[in-house]
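Dear colleague,

I am handing over the structure below, and I would be grateful if you could look through it alongside the notes that follow.

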Amino acid sequence: VSEQARRVTQSVGLALDEAVVNQEALAWARDYSFDLVSALTDTTRDVVSRAMQAYVATPGMTRRELERALLDAFGSPRASAIATTEVTRAYSAGTNIVQSTLRESGIEMKRKWNVIGDELVCPICAPLNGIIEDEWIGSYPSGPPAHVHCRCGTTLVVQ
């Protein structure tokens, strides 16, 4: 989030306080309920919440490290699915935080959906690649993930 925030704000001539963005991202990770991760008990929901807070708060922490933090509670396939999906959700939340912060400064930007251009891109996400949020916000108001194992992201563009 910080690198994208830096690029976007520099492109429009605005200084953005990284500490504020990082604090907002950590608050998101702490407060997000993980309701969309199906069949979680309060205990396993807490495991996911703590792991995501660590992920957001630890610069350089990888998705694989997050997956290892979830492994004991979920087993390998489910830990991988949760890690991939929730990292995607965290990055989308970060973009949304930057977008909101810029909006408060009077700069209106739109989110653009981006896929990872490899053989794993699914038929749900492929048609969304490069599309501005006006066309997908009804189906995905917070942006990616569009499904479990979604690896998409959004970037901000001046409109």
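Strands in these notes are DSSP runs of E that span at least two residues, numbered from the N terminus. With that convention, and bearing in mind that this is a predicted model, P145 falls in the loop between β1 (109-114) and β2 (153-158). The peptide bond that joins P144 and P145 is cis, with an omega of about 10 degrees.

The loop between β1 and β2 also holds H149, a residue other than glycine whose phi is nevertheless positive, near 75 degrees. H149 counts as partly exposed because its relative accessibility is 39%, which lies between the 20% and 50% cut-offs.

Turning to the aromatic rings, the structure holds three aromatic pairs. One of them is formed by W113 and W136, which meet edge-to-face, at 5.0 Å centre to centre and with 75 degrees between the planes. This pair links distant parts of the chain, since W113 sits in strand β1 and W136 in the loop between β1 and β2, 23 residues apart. W113 counts as buried because its relative accessibility is 0%, and W136 is likewise buried, with a relative accessible area of 1%.

W113 also pairs with Y140, in a tilted arrangement with 5.4 Å centre to centre and 55 degrees between the planes. Here again distant parts of the chain are linked, W113 being in strand β1 and Y140 in the loop between β1 and β2, 27 residues apart. Y140 is partly exposed, with a relative accessible area of 21%. Taken together, W113, W136 and Y140 form one aromatic cluster.

With best regards

Note on methods: Residues are numbered from 1 along each chain as its sequence is written. This is a predicted model: local features need pLDDT of at least 70, side-chain atom pairs count only at pLDDT 80 or more; totals for chains, interfaces and linings use all residues. Side-chain values use heavy atoms; hydrogens and water are left out. Helices (H or I, at least four residues) and strands (E, at least two) are DSSP runs, numbered from the N terminus. Buried means under 20% relative accessible area, exposed over 50%, partly exposed in between (1.4 Å probe, protein chains only). Rings of Phe, Tyr and Trp (its six-membered ring) pair if their centres lie within 6.5 Å; planes under 30 degrees apart count as stacked, over 60 as edge-to-face and the rest as tilted.
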